[in-house]
Amino acid sequence: MSSIKEKFNQISPSEFFYSNRDLAGFSNPTRSLYTAVREFVENALDACDQKGILPDVHLTIKAVEPEKPDPKPYILTVKDNGPGIDAEHIPLAFGTVLYGSKFGLKQARGMFGLGATMAILYGQITTNKPVIVKSSIDGEIQNQFEILLDIQKNKPVIVKHTTKEVSKKGLSVSICLEGDYSKAGNKIRDYVYETSLITPYASITFDDPKGQKFSHSRFVKEIPPPPTIIKPHPHGIDVERIRRMIVESQFEIPTIDDAMIEKVRKDLGLSIKNLSFTSIMDKAKKKWKTLSRQVRVVIALMSFLKMDFEKLNKIKIEDLDIPNKKLFYWDFGDSQSKSVDMDPESQYYKQLTNTVQGEPLTTFLTKRFQRIGPTTAVKFAEFANLKPERRMGTLSNQELVQLSDSLQKFEDFMAPDSSCLAPLGEEPLEKGIKKFFNPDFTAVVQRPASAYSGFPFIIEMGIAYGGEIKSGGPHVYRYANRIPLLYDEGSDVVLKVVNDTDWGRYKVKGDPPFIIVSHICSTRIPYKTAGKENVADRQEIERELRLGLQFLSRKLAAYMSKRGQADMAKKRANLYAKYIPLIAEFCTELAGKKKEPNYKKILEDNAVESKKPVKEEKVIENK
Amino acid sequence: MKTSKKEQTRIKERSKKADEKQKNILEMLKSHGAKIYDDLDNGQFPKFSIPSRSVSNIVYDKKLRQYILGNNAAVRSSRNSAQLRSFTQLMWLAFFANRLTHEKKSSTLRDVYYSSQAFAIEFDDQSESDNIIVDLEAVTSKPREDFHIFPEERSSIFGDLNIEYTIPGYEGKTMNLSNHPDGYSIGPSLTTAELVDTSAEIVIAIEKGGLFTRFVEEQIDKKFKSIIINTGGQAPRSTRTLLKRLHDEMKLPVIVLTDGDVYGEHIAMVIKSGSANAAHLRELTVPDAKWVGVWATDIEKYKLPTIPMTESDIKRCYDLQKDPRYQDGIWKKELDVFLRLKRKAELEAFSKYGLTNITDKYLPQKLELAKSL
């Protein structure tokens, strides 16, 4: 048959991303410049958020050779006042793909810190210049690195490392990349502008290549409460995730070498002299509660082997056969495999079972998932057709699938915990909208937390009308986890909900000056593409958006009808002022009188008191 | 001397009568004005009620044999900003009519439209101002002619009729309407003139100017002792007023001669019983007027050359079939025949048999027939 042999090569993550860089938003110089800005700014904001620091972020883009036509190399620098990064972690963090600290389950702008490395990679590919990272974690010493990426090995190459004294904490990252500012400029300025709306507690400045300075200073002095890292919700889990969680929960039999024996001896507080088997066991029984898991396992093994440290040194544990209650080991002295029986009644037996077979199902559920109590766990076990005391380590593949399916389907789990989310809050959102648009009317709402496929989310929305808002609305400002979404808005769920709304019903007609701000916060935003620009229309999210928008629209309608009434009253007053004097003139002659009737009273009674447009009082809904 | 004294008393009486009428109009306008004046003076938004002229409020009165307005009335208030403009327009019109009546000056509908502009009263177009004039008629139940507002003239009269003018500058002056062979146009001075005497025994209203001239040439006025009136198509209100006066004051029967089509039939009907458009006015109808032709049946009887009806002709037939006045008699019969024939004939069609065929043959037969109608 065919003699062609296919070659299978393992490729490094760096190589993979290099060949698939458009997936991450680095498809062309315009898009790449914009994406790089986003990644670094978002990392800076995330770093500050995590440590509760009010962010000061400085973005600078400079052309290497300003006279050259676009696309051309630019130097992009983002500097923050965040916690900085440990010198020892910097090379790995900036010189490896898939190295990040954001793997916990909580809301953050970026998921894994992946994008920044992509930007560095892209910069290196297009300009062959290293990334320059300056970091100070103590506000005294700053480490400065110049790093290149070894794409094939996915390893950092440190070109230069220096230190110097500084007076401020923070991180500064600078890359050289090919970009097209003449095309990307608008988006980048919009991005900075819109980011500062949703991050009112941050100061963001932007020095653009043309020498223009855009400065957005903070106007809210408090950081919204930071999100906490939480355990996953059962609805948001799959088989692979369960498998990993089981591995984490299992405990390997420790290698019993000299170091381990020394550790056990120390932990038991034994002097070298009293090392008889019985004295070890006696001491262990007394100190059991203070012992670490590793030490407990060693003690348990020793109890069945009936050996002291000296003997223990001459064997190697081979296998624990729990069903047959046998312990196999290799005796170096005799050079043969031996076994001992284990007494299932012994408390040490239980210790070993736990270690090898993992936790029982109910313990696994209550300990490793959010919002599952013992009662629910037992109920679930029945639902999943698994014994509650079943050891996780003994589940077959098929049973794992069965467990995973049941976790999705079981309906009695409580809604996901939303403490891992960090919405902006109604007050800062309203402040932001008022500052940015100076509208006649503003209303904001934060919907209660909800969930889709086990991922909690919260919708925040704002609506504003009139004032300095330009007509032709609704203009929609979309945010997800405090990131403005600027591209691909056509297919976004928020746009879908807005476009489905019949604004005439809410008394908004013609070419109205109004804006809508929507902010979706979630531990996982269901983006349609890896470029993270549009949110897929998950039913649960769409529903919450709809409810939020309806609530705001009703507020707007109430305002509009008030505004309409005021407009009408003004119009009417003008009509009266125009026609009543004429009527008076005509009827005077008609009635054969000389003096006109005193019609001033009618005009005064119907005059509009204020010429100002209606300003709406503060509308904040508390739930 | 004696006669002249008698004449003078008669003239005085006549002008007194005319003065009386004018005085009544002015009084009425004044009382309306005074009410509005008082409302304003008391800090109230003035308002008045106005009979509704919507289709649902136009009903046919069998006793009066004309369309009249029902009891529905609408309040027009100056408080209502949607009505304020038309309210003011109507006030201005009353004010303007008051001046016209005072000064005994007449004006046309078009004049009204333009005059408004001197008072910062804007009418979008003449149809808007015409509409307000109808409003004034409806509120006062008086035709616009009483306020010295006349439409453009297009109808005329000829025959042995002596009249005496009452308009300023011509008071007491008399005229015989057979002195000028082109006829006299029926305008404000003629409509308001006193009808003194006549030797005629019948009034022939004819739809078309061409036939009117033929009738004068053929001395129909003398041959049949008649007064000939050219209605110029659908008879204007001043012409209908004059027809009514000739019938009521001079006791003359009125016959109507039109083209042989559905529009001709309706011209005769409007002279007889008015139009829905003027349902708010009485005194405009001659219920005894008779339509003598050209009938649909005449088309077949006299073998007249015809032209086919247009779609709008046919639609008009169906519309009139729903009109209560077309439910019996020759009105219904002829309408049905028109619909059957789907053809029509003009008055001039008789010329096929000679120019004087219509006056020599057709008219005498019809006049004879009219006696039995």
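# Report on a two-chain model

R482(A) lies in the loop between strands β15 (475-480) and β16 (483-485) of chain A. Strands are DSSP runs of E with at least two residues, helices are runs of H or I with at least four, and both are numbered from the N terminus. This is a predicted model, in which local features need pLDDT of at least 70 and side-chain atom pairs count only at pLDDT 80 or more, while totals for chains, interfaces and linings use all residues. Residues are numbered from 1 along each chain as its sequence is written, chains are lettered from A and ligands numbered from 1 in the order in which they are written.

## Unusual backbone angles

R482(A) is not a glycine, yet its phi is positive, at about 65°. R482(A) counts as buried because 23 other C-beta atoms lie within 10 Å; the cut-off for buried is 20 or more other C-beta atoms within 10 Å, with C-beta atoms placed from the backbone, while 12 or fewer makes a residue exposed and anything in between partly exposed. N438(A), which is not a glycine either, also has a positive phi. N438(A) has 13 C-beta neighbours inside 10 Å and is therefore partly exposed. The table lists residues with positive phi.

| Residue | Phi | Place |
|---|---|---|
| R482(A) | about 65° | loop between β15(A) and β16(A) |
| N438(A) | about 40° | loop between α15 (426-437) and β12 (441-446) of chain A |
| G211(A) | about 90° | turn of the hairpin formed by β7(A) and β8(A) |

Cis peptide bonds occur in both chains. In chain A, one joins D70(A) and P71(A), with omega about -5°. P71(A) sits in the loop between β1 and β2 of chain A. In chain B, the bond from G293(B) to V294(B) is cis, and its omega is near 0°. V294(B) belongs to the loop between β15 (290-293) and α10 (296-301) of chain B.

## Chain A and its sheet

Chain A contains 18 helices and 17 strands. Of its 623 residues, 39% are buried. Two residues are in contact if their C-beta atoms, placed from the backbone, lie within 7 Å. Among the contacts in chain A with a separation of 6 or more, 72% are between residues 24 or more positions apart.

Eight strands of chain A form an open sheet with mixed pairing, in the order β5-β4-β3-β6-β2-β1-β7-β8. Two strands pair if DSSP finds at least two bridges between them. At the edges are β5 (155-165) and β8 of chain A, each of which pairs on one side only. Helix α2 (residues 29-50) of chain A packs on this sheet and touches β1, β2 (72-79) and β6 (170-179) of chain A. Helix α5 (residues 181-198) of chain A lies across β1, β2, β6, β7 and β8 of chain A.

Strand β7(A) can be followed in some detail. On one side, β7(A) runs parallel to strand β1 (residues 56-63) of chain A, to which it is joined by five bridges. Here T60(A) stands opposite D207(A). Strand β8 (residues 213-216) of chain A is joined to β7(A) by four bridges, and these two strands run antiparallel. In this pair, F206(A) faces F214(A). The hairpin made by β7(A) and β8(A) has five residues between its strands.

In a regular strand the side chains alternate between the two faces of the sheet. Which residues along β7 (residues 203-207) of chain A are buried? I204(A) and F206(A) are buried and point to one face, whereas S203(A), T205(A) and D207(A) point to the other and are not buried.

## Nonpolar cores

A nonpolar core is a set of buried Ala, Val, Leu, Ile, Met, Phe, Trp, Tyr and Cys residues joined through C-beta atoms within 7 Å. The largest such core has 57 residues, and V203(B), A205(B), I228(B), L243(B), V254(B), V256(B) and I271(B) touch the most other members. Helix α9 (residues 262-273) of chain B gives the most to this core, six residues. A second, separate core of 54 residues includes C420(A), F437(A), F457(A) and V497(A).

Leaving out residues up to four places away in sequence, V254(B) touches V203(B), A205(B), L243(B), L246(B), H247(B), V286(B), D288(B) and A289(B).

## Where the chains meet

How many residues does each chain bring to the contact? Chain A brings 20 residues and chain B brings 24 residues. On the side of chain A that touches chain B, α17 (539-590) and α18 (600-605) of chain A each supply at least two residues. The most comes from α17(A), which gives twelve residues.

Note on methods
Axes fitted to C-alpha atoms, helices over the stretch in contact; angles between N-to-C directions.
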